[in-house]
Amino acid sequence: MPAKQKIPTANTEHTIYFIYREWHTSVLIDAKTISLHSRYLQQEAANQRYIRIGWGDGNYFTGKRKTFGSATKALIASSHSALQVIAYTQPPFASIPPETRVPIVITDKGMRKLIRYLDKSFALDEMGQMIPLRAYVTDAGNFYQASGHYSLFSNCNTWSGRALQAAKLPVRSSLQLTAQSVFEQAKYISDYQQSLGLLMSSSEKSD
């Protein structure tokens with residue numbers, strides 16, 4: 001588990017949410033903060049309350065090939081990776097089970113570094129623009145081609161772990177290959193911060 005002495009407890013101006021669903025993890029961030037600091041997500045964040053971002057194999061993640069075989073193939077022969085961006089006009093907490101999400105407070109420096117990490121996760125075309133990908137599932141937000149190669153040892157959960165590291169949180173991402181392994185670290189941090197009165201518990205969050 002993360003070292004308590006390295007968990008942010010001072011000047012924690014921002015709250016993010018780490019979300020765990022089955023095999024996948026993602027990060028939920030205040031849209032206004034995204035608008036202020038992101039180079040590529042300003043349009044997605046405009047007039048929104050929250051932005052949720054995750055990373056995965058381009059074919060399986062977008063729903064183009066949603067079979068066990070395609071999921072297995074992605075681990076050894078992924079053709080490209082993708083970012084999923086879901087924008088919420090209202091707080092989405094009622095639709096995300098409390099046991100699958102944890103709030104974590106971070107510093108302003110941590111937030112800026114996290115958003116910089118997210119920006120660097122986008123693959124860009126020759127004009128320096130994001131590359132949209134077709135979504136083969138409904139109500140799944142927007143997909144964009146991502147940087148980085150998806151594989152067994154570099155999957156959505158190692159990407160999410162590195163996102164938390166970028167936010168100056170003391171998590172391990174190397175060989176943290178399952179959603180549960182990263183989520184347990186995030187929950188440990190959240191529980192510790194809650195014990196210090198720095199934030200409300202996930203189940204108490206109601207806005």
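Is aspartate 191 buried or exposed, or does it count as partly exposed? Aspartate 191 has 36% relative accessibility, so it counts as partly exposed. The close-ups below come from a predicted model.

**Figure 1. Salt bridge between aspartate 191 and lysine 187.** The two side chains meet with N and O 2.9 Å apart. Both residues lie in helix α7. They are four residues apart, about one turn of the helix. An α-helix has 3.6 residues a turn, so residues three or four places apart point the same way. Lysine 187 is partly exposed, its relative accessible area being 37%. Aspartate 191 is also partly exposed, at 36%.

**Figure 2. Helix α7 along its length, residues 179-195.** The helix has 17 residues. At 1.5 Å a residue, α7 should therefore span 24 Å. Its end C-alpha atoms are 24 Å apart, which agrees. Just after α7, glycine 197 takes a positive phi of about 75°.

**Figure 3. The buried residues of α7 and what covers them.** Ala179, Ser181, Val182 and Phe183 are among the buried residues of this helix. Further along, Gln185, Ala186, Ile189, Ser190 and Gln193 are buried too. The cover includes three strands: β1 (14-21), β2 (24-30) and β5 (101-106). Helix α6 (156-166) is also part of that cover.

**Figure 4. Salt bridge between arginine 112 and aspartate 108.** The search of the whole structure finds two salt bridges; this view shows the pair in helix α5 (residues 108-120). The closest N and O atoms of arginine 112 and aspartate 108 are 2.9 Å apart. Four residues, about one turn of the helix, separate the partners. Arginine 112 is partly exposed, with a relative accessible area of 39%. Aspartate 108 has 22% relative accessibility. Buried means under 20%, so aspartate 108 counts as partly exposed.

**Figure 5. Surroundings of isoleucine 86 in strand β4.** The strand covers residues 81-88. Isoleucine 86 has a relative accessible area of 16%. That value is under 20%, so isoleucine 86 is buried. Leaving aside residues up to four places away in sequence, isoleucine 86 touches Tyr50, Ile51 and Arg52. Ala140 and Gly141 are also among its contacts. The C-alpha atoms of isoleucine 86 and glycine 141 are separated by 4.3 Å. Along the chain, these two residues are 55 residues apart.

Key:
Residues numbered from 1 in each chain as written. Predicted model: local features only at pLDDT ≥ 70, side-chain atom pairs only at ≥ 80, totals over all residues. Heavy atoms only, no water. Helix = DSSP H or I, 4+ residues; strand = E, 2+ residues; numbered from the N terminus. Expected span 1.5 Å × (residues − 1). Buried < 20%, exposed > 50% of the residue type's maximum accessible area, 1.4 Å probe, protein only. Contact = heavy atoms within 4.5 Å. Salt bridge = Lys/Arg side-chain N within 4 Å of Asp/Glu carboxyl O.
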